Every structure is written in C-alpha cells, then in structure tokens.
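Visitor: I should like to understand how the terms applied to a protein structure are justified. May we go through some of them together?

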Amino acid sequence: MSYQEHLPKLKQLLAENGLSVAIDGPSGSGKSTISRRLADELGIGYLDTGAMYRALTWYCLDQGLPVDDYDAAAGAADSFPLLMGNDPQDTRVYVGSTDVTDAIRTTEISENVSAIATNLAVRDTMRRLQREIIEKAVRAGSGMVAEGRDITTVVAPDADLRILLTASSDARLARRAAQLNEEVTAEAIEATKAQVLDRDAKDSTVVNFTTAADGVVLLDTSVQTVEETMEIVFQLVATTLYRKEAEAEEADARTRTMRNALADYDLTDEDEALLSGDYEDYFDEEDQAGLPVLAIIGRPNVGKSTLVNRILERRAAVVQDTPGVTRDRVSYPAQWAGRDFTLVDTGGWEMDVKGLDKSVADQAEIAIEMADAVIFVVDATVGATHTDEQLVRVLRRSNKPILLAANKVDSANQEADAAYLWSLGLGEPFPVSALHGRGAGDLLDKAMEILPLESSVAQSMPKDGPRRIALIGRPNVGKSSLLNQLAGSDRVVVNDLAGTTRDPVDELIEIDGRPWWFVDTAGVRRKMHRTTGADYYASIRTQAALEKAELALVLLDASEKMTEQDVRVVQAAIDAGRAVVIINNKWDLVDEDRREQLKFEHERELKQIQWASRINLSAKTGWHTNRIVRAMDEALAGWETRISTGRLNSFLGELVAAKPHPVRGGKQPRILFATQASTKPPRFVIFTTGFLDPAYRRFIERRLREDFGFHGTPIQISVRVREKRRK
C-alpha cells in the first residue's frame with residue numbers, strides 16, 4: 001500500500017499535534033529532494049539551511065568581502081538582507097531584491113561556501129535564526145521540515161523526527177553532478193568528486209554529518225529511488241505522529257488523574273477558576289499614535305511641566321523649583337472634552353546656549369516641528385523677556401497654530417499682568433494657574449478648536465502593533481545613545497553628565513520594516529530612597545515605565561566593573577516580570593583583559609540569569625546594534641510561551657518519578673496537579689500536599705527551561721499547599 005493512501009489520516013494527526021522533522025546528511029545524499037517532497041506532501045513548511053549559507057557566500061562575493069575573513073563574514077551574517085519563504089513549492093531565495101536562487105547553486109559558490117560554513121561566528125548567528133524559524137512554525141500549530149548540516153544535533157535536537165540520510169560516494173557524486181546541471185558522465189563525476197569531498201572534509205571539522213547521534217534514524221539511500229526512500233520516510237513520520245497522539249492521550253489521562261486527586265482537598269474559588277481554565281491573560285496597551293499632537297513650549301521654569309500635570313490630572317512630569325528639570329521632549333496620552341490627543345512636554349528653550357542646554361533647546365525646537373499646535377507658556381509675574389521674544393520668532397517660522405498661556409496668574413488681581421503679554425503679538429493671552437488649575441479649562445477648550453481631528457505629523461499605529469521596550473540601566477551607561485542610534489537621529493539629549501535623562505521618553509522606531517516603541521528612562525540610582533528632588537521622581541517614573549513595558553533592554557557599561565547597582569537593575573526587570581535582554585554597551589572601549597574580567601563578573605553576578613541573551617555592542621558607533629531585534633524577538637517569544645496542562649502534568653509526573661522531592665521532617669510533599677495560569681511572564685501554579693523547598697522549585701524551573709525553552713523570560717512558580725477535607 002502506497003504512503004499516499006495514508007496521507008489523509010497523517011494530515012489529521014499532524015493538524016492535532018503538529019510535527020517537526022530534521023533531516024541531515026552529506027552532499028548528494030538526497031536530503032534536499034526528500035525534505036522538500038515530504039513538506040509538500042504533508043502541506044507544512046520547508047527550510048533549506050544550506051541555502052542560507054550559500055546566500056551569505058553569494059552576498060560576501062558580491063560585496064567584495066573575503067569569505068575567509070572571519071570578522072567580515074560574521075558581520076555580514078548579522079546584517080545581510082536574506083529573504084526565504086517556507087513554501088516547498090516556492091524555494092526561491094532573495095538577497096535584498098535580487099533573486100539568487102540559481103546563482104547560489106553555481107560552481108563558484110560551491111567552491112567558497114565551506115569558508116563561510118566553517119566560520120563558527122557565522123554558524124552561531126545562522127543557528128539562532130534557524131531555530132527561530134522552526135520554533136515559530138511549531139508554535140503556530142503547523143509544522144516544519146528542516147534540512148541541512150548539524151540540523152539533527154545542534155539546530156533542532158528536539159525535533160519530533162530526526163533522520164540522517166547517507167549514500168555511497170559514487171551515488172552522491174552522480175547526484176551532485178546532476179544537481180549542477182552537468183551531464184552525468186565519468187568525466188563529470190570525476191570533476192565534481194574533488195570539490196564535494198573537499199567540502200565534506202572541511203565541513204566535518206565543525207559539523208558531524210557522517211554518523212547518527214542518539215535518537216537519529218540512519219537511512220542509506222545509495223540504491224534506493226526517491227519513491228522508495230519516501231515510503232520509508234513516511235513510515236517514520238506515521239510512527240512519530242501516532243506516538244505523539246499516544247503521548248497526548250497519556251498526558252490528558254495523567255491530567256484527569258491528577259485533577260481527580262484534588263477532589264478530596266479543600267479548594268478556593270480562585271483554585272477552581274485556575275483548574276477550569278477560566279482565567280484571562282492579556283496585555284492592554286493604549287493606542288497613542290496617530291492622534292493630534294499638542295506641544296507645551298517656553299523658556300525654563302515658567303511652569304510647563306506643571307501645566308502638563310494639570311492637563312493630565314496626575315503627576316506625570318517631573319516638577320521642581322530648579323530650572324532645567326525637564327530635558328527631553330516627552331509624550332503623554334491626554335484627553336479633554338471627549339477628544340484624545342498627544343501632549344508633549346519639553347525642556348526650557350534658551351538662545352545662545354551651549355552643551356547640555358543647547359541639546360535641550362534643540363529638542364524643544366524639534367517638538368515644535370513635530371506638533372500640530374503649540375501652547376506657548378510665559379511667566380506672567382515676570383512678563384515678556386528677551387528670550388520669550390526670540391522664541392516667538394521661532395514659533396512664527398513654524399507656521400503652527402499657537403496659543404499664548406500666561407501662567408502663574410493665581411487670582412483675579414493678577415490678570416492685569418497677563419494683559420501686558422499682548423505685546424508679544426500672538427493674540428489674546430489666556431491667564432492660567434497651572435499650579436491651582438485656574439483658567440486651564442478655557443485654555444484647553446481653545447486648544448481643541450485649533451487642533452485638527454487627524455494629525456498631520458503623527459504616525460498611525462494599530463492597537464496591537466509595536467511592542468513596548470524599556471531601556472534601563474544605571475546612569476551614563478548609554479541608554480539615550482542607543483535610542484538615538486536605533487532611531488537614526490538625535491531623538492533624546494545625550495551628554496557625558498550622568499543622569500541627563502529624567503522623564504521616560506517614548507519613541508516609535510522602525511527597524512527592518514517593523515515598528516517598535518522604545519522608552520528611554522532615567523538611570524536607576526543606587527539607593528532610590530536616598531535620592532531627592534528631580535532624581536527621586538525620575539526613579540519613580542523609570543519604574544513605572546518598566547511596568548508598562550513588555551521587554552527590558554538592560555544596559556551595562558562593559559568598560560567598567562559590574563556593580564551592585566547593575567545587578568539591582570537586572571533584578572528590577574525580573575521582579576517586574578518583563579522579558580530581558582542584557583546589553584554590554586561601550587564594547588569599543590573594551591580590551592582583551594577587560595573581556596576576560598567581564599566574563600568572570602557575569603558568571604559570578606548573573607549566574608542565576610543564564611536564560612537572558614547577552615549582546616556586546618557599541619551604541620556610539622552602531623557596532624552590533626543589528627543583533628538587538630533578533631534577541632528581542634526570541635525573548636518575547638519565550639515571554640508568551642504557554643504549555644498545555646496535559647503536557648505540563650506529564651512533564652511533572654516524569655520529573656517527580658525520576659527525582660522525587662526529598663523527605664523533610666518525616667514527610668514528603670506530593671505534587672497533585674499543575675497548570676500554567678498565565679503568560680507574560682509565564683506563571684505556573686502547582687498544587688501540593690506540602691511546602692516545596694526553594695531548591696526543588698529552582699530544579700523544576702531549570703528543567704522547564706531545558707524542555708520548553710522560555711529563553712529570555714523569568715518564570716514564576718507558585719505553590720499552593722492543600723489539605724484533605726475533614727470527613
């Protein structure tokens with residue numbers, strides 16, 4: 001009976017349980033033909049990892065990069081614009097807009113690809129990308145057939161089915177000659193032989209594709225046709241799918257058994273909700289982009305941030321009597337009279353200033369250009385100064401609608417002070433007291449009249465669109481520099497003075513065609529309770545920004561010794577339940593001795609956080625900043641991972657059977673049932689008959705990571721001790 005007759009049943013099992021297949025083997029063993037055919041027959045994705053190395057080889061040659069230059073090839077692997085589909089019927093490969101499908105199969109590429117494929121840094125980058133592609137397909141509930149060198153042992157060692165295809169040298173060389181579109185003659189085979197054997201010899205120095213590892217099926221195709229090989233492969237697929245179905249049924253049975261074990265125990269309403277799956281897990285993010293933008297502009301210490309807080313009806317912006325507290329332009333979602341808009345607070349504008357003050361003034365001018373309307377704030381108790389008059393000239397050049405707010409008019413007796421501001425030539429001044437709220441409503445009513453219904457400057461953003469990323473770290477580690485580097489412009493103020501940033505700064509940045517919300521934050525001080533004034537409130541806002549984020553990019557200064565403060569920042573991100581990526585910044589200042597010291601410091605200080613990705617980069621030069629998106633995607637995927645209750649209880653059953661909890665005080669706690677209560681971050685609730693030692697909880701977490709990934713995310717494990725009902 002042909003395997004085609006079993007396809008309907010196999011596809012049904014595949015739809016229910018998913019399938020990942022990894023196929024390895026030397027050149028000419030048939031792995032590409034079999035893999036593509038298998039994926040096409042099953043209707044799942046196909047990944048040719050070898051084509052990725054060939055495409056990189058083509059790119060290096062096309063760009064004039066020496067393929068044997070270790071660092072140049074590694075840098076190219078991080079950034080070259082590869083585009084490959086997963087459709088087995090459409091295996092075209094693009095580098096940028098160039099179709100290189102045929103070009104990567106030429107003799108020139110075959111002669112040079114080993115130099116790329118044996119580059120360990122290149123392989124590390126490619127493996128991460130390949131794992132992401134495979135894991136994404138599996139999480140989507142479909143499946144993937146991936147083929148290539150080391151796919152069964154390194155890239156996808158956890159694949160449901162792993163096959164190593166092999167064949168005799170003569171059979172492989174004949175197939176290789178045919179693949180190169182050469183006439184299969186004795187001469188063609190001889191011409192190909194040296195090339196293929198030489199490549200196999202080079203590749204075998206970094207990859208084992210000649211012997212099958214444990215759990216890998218070895219299949220010799222020397223004397224088999226494609227159809228005969230497909231019959232055998234489909235038998236293996238069928239066996240795998242039926243085994244997965246049996247495991248799923250066993251997991252369900254185990255879940256029922258463990259769930260029934262709780263029948264004799266006292267459970268709360270919350271327990272029952274968890275056990276029945278009657279809970280909701282979501283992340284609510286407000287839609288802030290695409291709204292009309294209203295900017296608050298003025299010289300230092302006229303009460304701009306106080307007015308912002310009055311409009312928002314909460315203490316959002318940092319306020320202090322000292323001039324120059326606000327330095328960046330900071331956006332807030334706001335509402336008045338049923339209308340939503342974006343409110344932008346700015347630093348004080350001054351003329352003819354240098355250094356940090358010049359950067360602050362530049363940001364205020366950018367805010368004017370990026371606004372739909374402007375509220376110009378003047379201190380009515382002081383009157384119009386020369387700086388105010390110069391700022392009026394800047395505002396007029398912008399051609400934006402302008403409202404003049406005469407601030408610090410705390411009573412009717414002071415309204416005469418506001419009248420003197422007619423001299424600025426901006427129309428009627430609106431007397432307001434930002435501190436007490438006097439006149440603020442009339443000012444906002446007028447602002448709604450001049451604000452357009454749709455912004456002409458803000459980008460529209462879907463509510464479930466860009467992910468929210470917080471840049472955190474102690475002062476002066478380069479958070480603002482990294483944001484500017486990613487944005488491709490001087491978006492935030494950067495200065496050698498530690499603690500330049502005080503308010504969280506949101507920026508919508510597009511990287512590789514995808515938008516991200518990045519939030520620059522103030523540096524986390526060593527002892528927050530010892531900070532005062534603006535720094536104290538900045539620390540509070542940094543924590544609030546972290547709570548609203550999905551992922552934290554924790555920046556460390558790689559050129560300096562790690563401090564207790566650095567560890568505290570990392571722990572703050574973990575305590576907040578955010579996905580984490582650790583950035584070693586200022587790598588351009590790190591020498592060989594410092595690298596060894598940093599490695600030792602990470603092993604000592606971050607030993608319990610091995611699950612977080614680490615990236616070495618230079619925000620100043622942009623070196624390796626292109627690695628950030630890949631690390632963020634990986635961490636966010638782990639942050640959102642959910643394990644079915646059946647798989648979880650099956651996992652715990654096997655775990656406890658292999659290594660039961662130690663006996664304490666003559667008692668041994670038993671695990672009755674477990675469920676994953678939520679994601680973002682993954683939180684597990686385990687019902688037991690007694691307290692679980694912290695060491696045993698860490699053991700469970702470590703094994704969860706080994707079996708299910710959860711890369712880049714903290715895991716929270718709650719234990720609920722339940723006692724039997726008294727009869």
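Visitor: Why is P26 called buried or exposed?

Guide: The model before us is predicted. In this model, P26 has a relative accessible area of 7%. Buried means under 20%, and therefore P26 is called buried. This residue is found in the loop between β1 (19–24) and α2 (31–42).

Visitor: Is K31, in helix α2, counted as buried or exposed, and what makes it so?

Guide: The relative accessibility of K31 is 11%. Since the cut-off for buried is under 20%, K31 counts as buried. Among the residues in contact with K31, beyond its neighbours within four places in sequence, are I23, D24, E147 and L165.

Visitor: What makes the pair formed by P26 and K31 a polar contact?

Guide: The backbone oxygen of P26 lies 3.4 Å from a polar atom of the K31 side chain. A polar contact requires a pair of N or O atoms within 3.5 Å, and the distance of 3.4 Å satisfies that limit. Both residues also appear in the "binding site" feature that UniProt gives in an unreviewed entry.

Visitor: How do you know how helices α10 and α22 are oriented to each other, and which word describes it?

Guide: Helix α10 (residues 226–261) and helix α22 (residues 645–658) pack at an angle of about 80 degrees. Angles of 65 to 115 degrees count as roughly perpendicular, so α10 and α22 are described in that way. The residues making this contact include R254 and M258 of α10, and R647 and N649 of α22. By class, the contact has 2 nonpolar, 6 polar and 3 charged residues.

Conventions. Residues numbered from 1 in each chain as written. Predicted model: local features only at pLDDT ≥ 70, side-chain atom pairs only at ≥ 80, totals over all residues. Heavy atoms only, no water. Axes fitted to C-alpha atoms, helices over the stretch in contact; angles between N-to-C directions. Helix = DSSP H or I, 4+ residues; strand = E, 2+ residues; numbered from the N terminus. Parallel < 35°, antiparallel > 145°, perpendicular 65-115°, else oblique. Contact = heavy atoms within 4.5 Å. Nonpolar A, V, L, I, M, F, W, Y, C, P; charged D, E, K, R; others polar. UniProt positions renumbered as here; feature names shortened; annotations may be inferred. Buried < 20%, exposed > 50% of the residue type's maximum accessible area, 1.4 Å probe, protein only. Polar contact = N/O pair within 3.5 Å; in protein donor to acceptor, adjacent residues only side chain to side chain.
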